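Please open the model in your viewer and keep the sequence panel beside it, since this tour moves from one selection to the next.

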Amino acid sequence: MCKLMDVKIDKPKRFYSGVRWRTNSSNKKRLAIDFKNRYAYCDDLDKHGGGYRSYHVEHFAPKDKFPELEYNYDNLLYSCQYCNILKSNKWIGNTHNVSVIGNEGFIDLCEDEYCKHLKRDEAGKIVFITELGRYMYNELQLYLNRHKCIYNLERISLKLEEIKQEIETKKQKGENTDFLEEIKNELSNTFYDYYGILADENG
Ligand SMILES: [Zn+2]
């Protein structure tokens with residue numbers, strides 16, 4: 001059986017509770033920090049996922065149904081446009097604090113609970129491990145190739161950085177770096193493969 005990891009590498013933490021700002025742009029700036037530039041549900045890093053400008057302010061309990069929560073910071077998430085549009089105003093409860101009924105609904109990913117339902121496999125694909133996870137997975141289309149691509153772009157670029165530093169260190173010591181250069185080139189090619197898949201998907 002393959003090893004599963006948590007979807008959220010680093011659980012986001014909101015710095016504020018209640019209404020702090022009454023504009024999306026102010027909330028957005030701070031959400032990016034609190035969410036460490038990662039899109040809410042899928043964990044896509046904004047750098048590879050379209051950038052800060054393509055980000056949306058996601059209202060966990062939809063603002064159409066609960067207008068009083070439009071600027072409540074506890075209800076806001078930093079979300080990629082895909083997850084945000086797909087979640088839209090879907091809400092299972094009749095009140096803002098009922099987000100799940102049975103095996104349907106959404107979990108705020110600032111809660112530990114989120115990672116009990118959704119995981120990531122070794123290839124970088126998001127997978128569900130519970131029925132509620134299946135609901136979120138399907139509603140947010142977390143199976144989209146772009147999430148796997150963005151995860152791997154980040155993983156490869158971190159590895160590339162490590163290898164470049166190692167090559168530098170070896171060069172300074174006058175040691176042979178042929179093998180590392182070979183790995184670096186292979187990783188670069190893989191990076192562009194994923195980049196191409198993502199570009200096709202965006203197009
Ligand atoms: Zn997303």
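Which residues of helix 3 (residues 131-139) are buried? In this predicted model, selecting helix 3 and looking for its buried positions should bring you to Leu 132, Gly 133, Tyr 135 and Met 136. These four lie on the same side of helix 3, because the arc they cover around the axis is only 155 degrees.

Next, colour Glu 131 and Asn 138, which are the exposed residues carried by the face of helix 3 that is turned away from its buried side. To see what covers the buried residues, add strand 4 (100-101), strand 5 (104-105), strand 6 (118-120) and strand 7 (126-128), which are among the covering parts. Before leaving this region, step to Gln 141, just after helix 3, where phi is positive at about 50 degrees.

Now select the largest nonpolar core, which has 28 residues, and within that core pick out Tyr 39, Ala 40, Tyr 41, Cys 42, Tyr 78 and Cys 83, the members that touch the most other members. Strand 3 (76-79), helix 2 (81-87) and helix 3 each supply at least two residues of this core. Centre the view on Cys 42: leaving aside residues up to four places away in sequence, Cys 42 touches Cys 80, Cys 83, Ile 126, Leu 142 and His 147. A second core, separate from that one and made of six residues, can be shown by selecting Cys 149, Tyr 151, Tyr 194 and Leu 198, which are included in it.

Then zoom out and colour by domain, using the assignment that gives domain 1 as 5-143 and domain 2 as 146-202. The centres of the two domains, taken over C-alpha atoms, are separated by 30 Å, and the contact between them takes eleven residues from domain 1 and nine residues from domain 2. If you colour the domain 1 side of this contact by class, six nonpolar, three polar and two charged residues appear.

Finally, show the whole chain as a cartoon, where five helices and seven strands can be followed in the order β-α-β-β-α-β-β-β-β-α-α-α from the N terminus on. The C-alpha trace spans about 65 × 40 × 35 Å along its principal axes, and 28% of the 203 residues count as buried. If you draw a contact map as a last step, restrict it to contacts with a separation of 6 or more, of which 63% are accounted for by residues 24 or more positions apart.

How values were computed:
Residues numbered from 1 in each chain as written. Predicted model: local features only at pLDDT ≥ 70, side-chain atom pairs only at ≥ 80, totals over all residues. Domains from an automatic or database assignment. Contact = placed C-beta atoms within 7 Å. Nonpolar A, V, L, I, M, F, W, Y, C, P; charged D, E, K, R; others polar. Buried ≥ 20, exposed ≤ 12 C-beta atoms within 10 Å, placed from the backbone. Arc of directions from axis to C-beta. Core = buried A, V, L, I, M, F, W, Y, C linked by C-beta atoms within 7 Å.
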